[in-house]
Amino acid sequence: MSATTSALPGAENPGNVALDGLAREFVAALGPAAVVTDRVQLRTYECDGLTAYRCIPGLVVLPETAEQVGYVVRRCAQSSVPFVARGAGTGLSGGALPVATGVLIVLSRLTAVRNVSVDDERVVVEPGVVNLDVSRAVAADGYFYAPDPSSQQVCTIGGNVAENSGGAHCLKYGFTAHHVTGLEVVLPDGSVSRFGGLAPDPPGYDVVGALVGSEGTLGIVTEVTVRVVAVPERVETVLAGFRSMDDAGEAVSAIVAAGVLPAAVEMMDTLSIEAAESAVACGYPAGAQAVLIVELDGPAAEVSAELAEVEAICERAGAFEIRVARDADDRVAIWRGRKSAFAAMGRISRDYIVQDGVVPRTSLPQVLRDIALLSAESGIRVANVFHAGDGNLHPLVLFDSTRGETAAAEAVSERILELCIEHGGSITGEHGVGNDKKKHMGRMFTEVDLDVMQLVRCAFDPQSLCNPGKVFPTPRLCGERPGRRTGVHPVQAAGLGEVF
Amino acid sequence: MPTVAPATIDDLAAAVRDTAPSSIAVRGGGSKRDWGGVAEVAELEVSTAALDRIVEHADGDFVVTVQAGARLADVQNVLGSKGQWLALDPPEAGATIGGIVATAASGPRRLRFGTPRDLLIGVTVVLADGTVARSGGKVVKNVAGYDLGKLFCGAFGTLGVIAQCTFRLHPSPRAIRCVSVPLDDPGDAVRSLRRSPFRPSAIEYDGTRLSIVVEAFESAADAQAEQIRALVGGEVSAAVPEQFGARPWRSGEVGLKATFRVGALSPALALARGFRLSAHAASGVLWLGGAVDAGVLDELRAGFAAYDGSVVVVAAPDGMKRKLDVWGPVRGVEVMRRIRDQFDPDRRMNRGVLDAV
């Protein structure tokens with residue numbers, strides 16, 4: 001089915017005519033079990049983890065092999081039909097939001113672990129492999145896969161690559177981009193290319209680096225080579241209760257200034273502690289206005305030296321209770337509260353928005369005070385749970401849609417992102433831009449910056465068929481040179497900071 | 001070839017734009033002028049020498065923003081006064097930040113800290129048509145937009161001029177200990193170190209001696225060094241050996257970079273027999289120096305390909321380079337050419353240097 005045919009008179013929806021033809025082809029090539037056309041079943045794919053955006057895909061395909069992915073993409077490209085890749089659908093920015101006139105390619109059936117080479121510190125997997133299963137594949141050898149997004153029990157490596165996923169422990173271990181050394185990719189024209197592999201520093205451009213975090217807009221990854229690292233000899237988890245967020249923030253700054261690089265530094269405020277207590281009775285220090293979880297790992301000698309330093313710093317910063325996990329169970333108990341925090345919000349609020357923004361760590365105290373003020377002024381409660389070590393905030397904006405608070409909550413949520421930008425931070429630390437935040441990209445980058453980024457897009461996907469409408473607020477025609485706009489940067493224009 | 005040395009990014013952009021459609025060579029500190037393919041003589045050389053400012057050292061945030069022409073050594077001095085450092089240690093004296101990023105130059109401590117791509121968090125670049133663009137930012141954790149910085153790392157200036165970089169920093173090590181042990185084949189020792197609980201900053205092999213560097217709190221460094229000595233033997237000292245991490249080639253020779261899957265250290269070293277060498281032994285990287293002709297290079301490439309690696313000619317006199325395939329096969333080169341065509345359709349920037357793409 002070609003685009004010309006689909007535009008014939010009488011076609012109610014040209015896209016859907018093309019899709020009908022593709023659906024028949026895909027059934028013939030992949031079998032009926034791999035193609036979803038039923039409206040009710042299609043609806044189950046209408047959103048990812050960010051349910052605010054919904055769109056029923058025109059067609060869903062569930063290929064089982066990389067060859068099938070290549071075939072599906074090739075046919076889409078030949079028919080000028082847009083396509084979107086989806087993994088487990090846990091993304092929080094609408095990055096896997098389908099296109100109504102397009103094909104959703106679900107990769108959850110590509111679950112083979114193709115090669116485990118502990119001696120090379122590499123594991124080669126298909127994109128549908130669950131994050132935690134990579135660690136499981138090498139656990140017996142004393143290795144693990146470091147990036148640990150909180151959805152790691154269900155989220156897939158393909159999605160992690162698309163979003164450059166982080167996690168609580170990326171402060172020390174880095175993000176997905178630091179752990180992927182090779183990719184096999186179905187390009188938007190359906191051809192297959194490989195970049196990198198088991199060895200480091202492949203010659204030529206760092207295409208792997210460009211692909212990781214490109215949010216599925218440059219191609220569909222069908223094989224991922226990741227680095228695994230040796231499990232640390234010793235892990236210490238400290239839970240400290242403070243009487244104020246300022247005191248806890250002080251402790252974080254002092255720990256980092258002391259030259260200690262913890263595996264994770266997490267902070268929760270009183271509202272999130274309250275929610276976590278009601279959900280999982282985590283037993284955090286009673287009366288704490290803030291708790292800090294500091295996890296140290298590494299060689300035993302190093303960790304014990306750092307532990308003594310961290311305890312002393314927390315005490316000096318005013319911690320009224322400091323607990324160190326005695327064993328693995330204890331550690332799990334400490335983390336349970338933190339990990340339950342998002343889901344626990346349901347217990348104290350009917351609705352909530354999970355925000356994801358970043359500020360320079362030294363700006364944290366000021367930004368938290370600003371958020372508190374914002375909350376007081378608007379009457380919208382905000383719970384703060386965040387990766388304090390790297391300034392990655394996850395404010396939870398609580399509201400009740402049945403009481404008409406939605407607009408006010410959204411305004412607070414957006415204002416928090418503005419605060420992040422004003423302080424020289426970012427509109428997203430780990431959830432991605434996706435569909436949700438593209439409207440904010442113009443506040444962080446000039447139109448020229450975005451045009452230049454889209455040169456990469458044009459190199460991969462000149463037809464703009466691959467996850468269209470994501471990341472960039474304004475798609476651009478390939479072939480144009482980046483605009484010669486002479487205006488100052490929006491951040492500068494608003495007097496918010498100097499362009500660096 | 002006339003040279004301009006603009007002092008601002010705007011002037012740099014104007015110089016590049018006004019030279020169109022002529023070709024442009026980009027020059028940093030000149031410490032790696034003989035790296036890459038044979039550069040064509042350009043109509044204009046753009047030097048970053050006057051763009052040498054440290055724009056901002058946000059020490060509380062462990063982040064620095066520097067202009068491309070700043071020399072790494074000077075940057076380290078400034079950061080060191082605050083107990084911090086940019087964890088890159090390529091050995092070329094006089095190297096600038098822009099040159100290090102453009103060549104993705106690495107040194108021994110890449111084992112722990114990675115290469116420029118792993119520490120670069122924001123970049124400002126000037127494209128061949130004078131467009132100034134930026135990606136990333138000045139916070140470590142940031143996934144907004146494409147990461148152009150990674151594409152510019154190792155692009156040898158062919159996508160545009162790197163004007164300014166923002167990096168994540170690390171605390172200066174409190175204490176350093178080095179365990180040195182003479183070994184003919186370090187394969188087993190390196191394997192046991194990689195599987196050990198220790199976290200060295202560097203594991204280097206120079207053909208006769210394995211050097212394991214530990215950097216930590218004093219007590220922890222002592223303890224680890226002693227345990228490492230118990231594991232692999234040798235002696236502990238409080239400093240790295242002379243020539244630590246130095247490139248193994250001499251002037252007039254061919255310098256190569258060979259890579260391999262990290263478990264294949266012993267066979268990789270066997271392939272390199274007859275060369276002077278410097279190995280990032282636990283990272284899968286070998287630097288080689290010696291006499292190389294096209295036949296030898298082909299043999300090496302076939303040998304390292306068996307370990308999923310590559311061999312590139314890093315440095316050599318132009319006369320020798322002309323007889324050699326400098327880059328060798330490049331995986332995914334078609335896509336790279338499309339990227340280059342988008343950024344620099346007339347191929348004005350650093351012609352010849354990355355001739356494989």
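**Entry 1: domains of chain B**

I began with the two domains of chain B in this predicted model, and found that the C-alpha centres of domain 1 of chain B and domain 2 of chain B lie 32 Å apart. The assignment I used places domain 1 at residues 3-171 and domain 2 at residues 175-237 of chain B. I then looked up the contact between these two domains, to which domain 1 of chain B gives four residues and domain 2 of chain B gives seven residues. On the side of domain 1 of chain B that touches domain 2 of chain B, I noted two nonpolar residues, no polar ones and two charged ones.

**Entry 2: domains and overall form of chain A**

For chain A the domain assignment gives me three pieces, namely domain 1 (3-106), domain 2 (113-230) and domain 3 (232-347). I looked up the pair formed by domain 2 and domain 3 of chain A, whose centres, taken over C-alpha atoms, are separated by 29 Å. In their contact I find five residues of domain 2 of chain A and seven residues of domain 3 of chain A. The side of domain 2 of chain A that touches domain 3 of chain A is made of two nonpolar residues, two polar residues and one charged residue.

I then turned to chain A as a whole, in which I count 17 helices and 19 strands. Its radius of gyration is 24 Å, which is close to the 23 Å that the globule rule gives for 500 residues, so I record chain A as being as compact as a globular protein of that length. Along the principal axes, the C-alpha atoms of chain A fill a box of roughly 75 × 55 × 45 Å. I also noted that 58% of the 500 residues of chain A count as buried, and that, among contacts in chain A between residues at least 6 apart in sequence, 71% join residues at least 24 apart.

**Entry 3: where the two chains meet**

I looked up the contact between the chains, which takes 72 residues from chain A and 78 residues from chain B. On the side of chain A that touches chain B, the elements giving two or more residues include β9 (192-196), α9 (245-257), α11 (300-316) and α16 (447-460) of chain A. The largest share of that side, eight residues, comes from α16(A). By residue class, I find that the side of chain A that touches chain B divides into 33 nonpolar, 24 polar and 15 charged residues.

**Entry 4: the eight-stranded sheet of chain B**

Next I traced an open sheet of eight strands in chain B, which follows the order β14-β11-β13-β12-β16-β17-β15-β18 with antiparallel pairing. Its edge strands are β14 (235-237) and β18 of chain B, each of which pairs on one side only. From one strand to the next, the twist averages 20 degrees. I also noted helix α8 (residues 218-232) of chain B, which lies across β11 (175-182), β13 (209-216) and β14 of chain B and runs at about 10 degrees to β11(B).

Going along the sheet, I find β12 (residues 202-205) and β16 (residues 276-280) of chain B joined by two bridges in the antiparallel sense, with E204(B) standing opposite H280(B) in β16(B). Four of the five residues of β16(B) are buried. Five bridges pair β16(B) with β17(B), again antiparallel, and among these partners I noted S278(B) with W287(B) in β17(B). The hairpin of β16(B) and β17(B) has four residues between the strands, and there G284(B) takes a positive phi near 80 degrees.

At the β18(B) edge, I find strand β15 (residues 254-259) of chain B running antiparallel to β18(B) and joined to β18(B) by four bridges, with V312(B) as the bridge partner of K257(B). How many of the five residues of β18(B) are buried? I find that five of its five residues are, so that strand β18 (residues 311-315) of chain B is mostly covered.

**Entry 5: L286(B)**

I closed with L286(B), which is found in strand β17 (residues 285-290) of chain B. Is L286(B) buried or exposed? I record L286(B) as buried, because 26 other C-beta atoms lie within 10 Å, and the cut-off for a buried residue is 20 or more. Leaving aside neighbours within four places in sequence, L286(B) is in contact with A258(B), A268(B), A272(B), L277(B) and A279(B). I also looked up R331(B), which is 45 residues from L286(B) along the chain, and found their C-alpha atoms separated by 19 Å.

Terms used. Residues are numbered from 1 along each chain as its sequence is written. Chains are lettered from A and ligands numbered from 1 in the order in which they are written. This is a predicted model: local features need pLDDT of at least 70, side-chain atom pairs count only at pLDDT 80 or more; totals for chains, interfaces and linings use all residues. Domain bounds come from an automatic or database domain assignment. Ala, Val, Leu, Ile, Met, Phe, Trp, Tyr, Cys and Pro count as nonpolar, Asp, Glu, Lys and Arg as charged, and the others, Gly among them, as polar. The radius of gyration is taken over C-alpha atoms; the globule rule is 2.2 Å times the number of residues to the power 0.38. A residue is buried if 20 or more other C-beta atoms lie within 10 Å of its own, exposed if 12 or fewer, and partly exposed in between; C-beta atoms are placed from the backbone. Two strands pair if DSSP finds at least two bridges between them. Axes are lines fitted to C-alpha atoms, for helices over the stretch in contact, and angles run from 0 to 180 degrees between N-to-C directions.
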